[in-house]
Amino acid sequence: MVAKEQVVRSLVVGEGNNESKTAPTKKPSAKKNNGKNRRKSRELVLKAVYRGMLNQSELGPIFRDMADDPDYNKADEAYFKQLLEAVSSHVVELDEKLANFIDRKVIELSPIEHAILRISGCELMFDLSIPYRVVINEGVELAKIYGGVDGHKYINGVLDKLAADVRGAEVQNARI
């Protein structure tokens, strides 16, 4: 379970702040992204996490390579970088938490589903500014596009259980 001191309100990390990446910070306004889209950012993070999982790559080259992706100019660059850094810095914690809600060993997940669960799990656990339903929906949509035939159903089930665990009050309030 994540200690309350480690939970952040947003993945945004202050400029020049060398403190822990889990320090609470203010979320940038959605209007400042000039039409850039977080869904595209999540798709790029998925590609980057997937690549990193398969190739054991460092973040630096992945950031540079993702800039060449045709969707990069459509994405919210700041959010892409923040989310990728957050997933990378919390990978062990994410996998440990996800292991509680899956029906097999984490290593046996398909790499795409594993990457989607890491990304969505990171948003659920460390970015309370995004409603849990949005996080689950975005994970399911990624699975529909990139995952296996019924992968989106699996992703939905795992994320629903994770949300109930890490955001119990929010989930409970939504069901009333």
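## Briefing: contacts in a predicted helical model

Let's start with a cation over a ring: Arg-38 lies over the face of Tyr-79, at 3.9 Å from the ring centre. Keep in mind that this is a predicted model. The mean pLDDT of the protein is 82, with 80% of its residues at 70 or more. Below you'll find the confidence picture, the nonpolar core, the aromatic pairs, the salt bridges and one buried histidine.

**Confidence**

- Residues 1–35 are the stretch to watch, since pLDDT stays under 50 there.
- The model still has 49 contacts beyond four places in sequence for residues 1–35.
- Where pLDDT is low, the predicted coordinates should not be read in detail.

**Nonpolar core**

- The largest nonpolar core has 46 residues, and the members touching the most others are Val-49, Phe-80, Leu-84 and Leu-117.
- Seven helices each put at least two residues into this core: α1 (38–55), α2 (59–66), α3 (77–89), α4 (91–98), α5 (111–126), α6 (132–146) and α7 (151–166).
- The largest share, nine residues, comes from α5.
- As general background, nonpolar side chains in soluble globular proteins tend to be buried together.
- Take Val-49 as a way in: leaving aside neighbours within four places in sequence, Val-49 is in contact with Leu-84, Val-87, Ala-115, Arg-118 and Ile-119.
- Leu-84 turns up on both lists, as one of the core members that touch the most others and as a contact of Val-49.

**Aromatic pairs and rings under charge**

- A search of the whole structure turns up two aromatic pairs.
- One of them joins Phe-63 and Phe-80 edge-to-face, at 5.8 Å centre to centre with 85° between the planes.
- Phe-63 sits in helix α2 and Phe-80 in helix α3, so this pair ties together parts that are 17 residues apart in sequence.
- Both rings count as buried: Phe-63 has a relative accessible area of 18%, and Phe-80 has 0%.
- Tyr-72 and Phe-80 make an edge-to-face pair too, at 5.9 Å centre to centre and 85° between the planes.
- Tyr-72 is buried as well, at 10% relative accessibility.
- Put together, Phe-63, Tyr-72 and Phe-80 form one aromatic cluster, and Phe-80 is also among the core residues that touch the most other members.
- Besides the Arg-38 and Tyr-79 arrangement, the charged end of Arg-104 sits over the ring of Tyr-154, 4.6 Å from its centre.

**Salt bridges**

- The count comes to 16 salt bridges.
- One of these pairs Arg-42 with Glu-138, with the closest N and O atoms 3.8 Å apart.
- Arg-42 is in helix α1 and Glu-138 in helix α6, so the bridge ties together parts 96 residues apart in sequence.
- Both partners are buried, Arg-42 at 4% relative accessible area and Glu-138 at 10%.
- Lys-47 and Asp-69 meet through their side chains in a salt bridge at 2.9 Å, N to O.
- Lys-47 belongs to helix α1 and Asp-69 to the loop between α2 and α3, so the pair ties together parts 22 residues apart in sequence.
- Here the two ends are set differently: Lys-47 is partly exposed at 25% relative accessible area, whereas Asp-69 is buried at 14%.
- Lys-47 and Asp-69 also belong to a network of salt bridges that links them with Lys-40, Asp-71 and Lys-74.
- Another bridge brings together the side chains of Glu-170 and Arg-167, at 3.0 Å from N to O.
- Glu-170 counts as partly exposed at 28% relative accessibility, while Arg-167 counts as buried at 4%.

**A buried histidine**

- His-114 lies in helix α5, the helix that gives the core its largest share of residues.
- His-114 counts as buried, with 7% relative accessibility.
- Leaving aside neighbours within four places in sequence, His-114 is in contact with Met-53, Asp-95, Val-106 and Leu-109.

Terms used. Residues are numbered from 1 along each chain as its sequence is written. Side-chain values use heavy atoms; hydrogens and water are left out. A nonpolar core is a set of buried Ala, Val, Leu, Ile, Met, Phe, Trp, Tyr and Cys residues joined through side-chain atoms within 4.5 Å. Buried means under 20% relative accessible area, exposed over 50%, partly exposed in between (1.4 Å probe, protein chains only). Helices (H or I, at least four residues) and strands (E, at least two) are DSSP runs, numbered from the N terminus. Contact means heavy atoms within 4.5 Å. A salt bridge is a side-chain nitrogen of Lys or Arg within 4 Å of a carboxyl oxygen of Asp or Glu. Rings of Phe, Tyr and Trp (its six-membered ring) pair if their centres lie within 6.5 Å; planes under 30 degrees apart count as stacked, over 60 as edge-to-face and the rest as tilted. A charge sits over a ring if NZ of Lys or CZ of Arg is within 6 Å of the ring centre and within 35 degrees of the ring normal. pLDDT is the predictor's confidence in each residue, from 0 to 100.
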